[in-house]
Amino acid sequence: MNSSPADPAPEATPGPHPGATREPAPEATREVAPAPPPLRPRHRVMAWAAGLLMVVPALITACRALDTDAVTPVPQLLAFLPWLTVPAGLALLLAAVARRRVLTFVAVLVLGATAWSTVPYMPQTVISYGLPLARVKVIASNVEFGQGTGSLIELMRRERPQLVFVSECDRACRGALTKTFATELPHYASVEGEGSVGSILLSSYPLRDWRMIPSTMGMPGATAEIAGVPVRLQLTHPMPPVPGQVSLWKRELGRVKAAVAAQPTGPMLVAGDFNASQDHAAFRGILAAGGLQDAARRADESRAPTWPAEGPLPPFVQIDHVLVRDFSVREVRFPDLPGSDHRAVVADLDLRGPR
């Protein structure tokens, strides 16, 4: 019987000797430390939100620093400048939570710049030359189409002012004021008109040299004789900087600036609804052109809001001002005026004599 050769036995594979130590792994097979995990989707959303929240505060703060009102929406948003610290602060919080170091650093810069821009004017130190010649109480008020006339009359009876600047005083308002105060404030310069067009400047001092600044709404001016000294008075009420008429707003404030610059010396009072705050370059231009000081700043009240005094929002911006030259400021107050969307400005001043 034929038989096939037997299958060869498998060769033995050498294995590690019991007790032998393991050779170190080759360099190519060593484990590498894992890369940091990518940004979580939630953190990515926070980072984007932080970036978006910084856009408006950064833009408006830059315009404030560059002394420009630019174009819409910058003039409108400048009125909210103190409140822009809220989105800037929220942006910093979100950037920190998202763990983005560069973004957090930028957010710190934006918040710091915004907060610095919104610090109220410090009380302005002005050396008063000359002896006080007369104490003068001034009221500036926007009565909103005449609707706040009754409240203004009550305020005037209480305060007994020598000068009153009234914006949006229609014919009925004009008649009520001139009749009620025919004895106390017999002199006046006015622009007659309905709605927001009418304005009146009432005075216990004789008035002369009546002039009106060309504008959409009435801006009368005159010269008063106070303690024998001529004092130039000017009521201011330019159009508001709503979208579509920012150029008109700038042009009318520019006319006020020109009128102030045309009389560079001597006592002056410029008061009314400026439709501009201390954060608007056009308003600061008026101050610089005439060497004027904001009475509210002199009284450490430069951030006291005057508008809007009615509606769902509380007052958040000061757009009603009394500007002075050659006057010292004793006190400035902002009483409510029911019926109007503006608070009034009451300024107690002293006219100073020649230097």
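1. Just after helix H8 comes Gly291, with a positive phi near 60°. Helices here are DSSP runs of H or I with at least four residues, strands are E runs of at least two, and both are numbered from the N terminus. Please keep in mind that this is a predicted model, in which local features need pLDDT of at least 70, side-chain atom pairs count only at pLDDT 80 or more, and totals for chains, interfaces and linings use all residues. Residues are numbered from 1 along each chain as its sequence is written, and side-chain values use heavy atoms, leaving out hydrogens and water.

2. H8 itself (residues 281–290) is largely enclosed by the rest of the structure, because eight of its ten residues are buried (under 20% relative accessible area, 1.4 Å probe, protein chains only). Arg284 is among them, as are Phe283 and Ile286. The buried residues of H8 pack against helices H1 (41–65) and H7 (246–261) and strands E9 (293–294) and E10 (320–325).

3. Now for a helix pair: the axes of H3 (residues 85–97) and H4 (residues 101–117) come within 9 Å and cross at roughly 160°. That makes H3 roughly antiparallel to H4 (an angle over 145 degrees, on a scale from 0 to 180). Residues in contact (heavy atoms within 4.5 Å) include Ala88 and Leu92 of H3, and Ala107 and Leu111 of H4. The contact comprises eleven nonpolar, four polar and no charged residues, with Gly counted as polar.

4. On confidence, the protein chain averages a pLDDT of 90 (scale 0 to 100), and 86% of the residues score at least 70. Residues 1–10 have pLDDT below 50, with zero contacts beyond near neighbours in sequence. Where pLDDT is low, the predicted coordinates should not be read in detail.

Key. Parallel < 35°, antiparallel > 145°, perpendicular 65-115°, else oblique. pLDDT = per-residue confidence, 0-100. Buried < 20%, exposed > 50% of the residue type's maximum accessible area, 1.4 Å probe, protein only.
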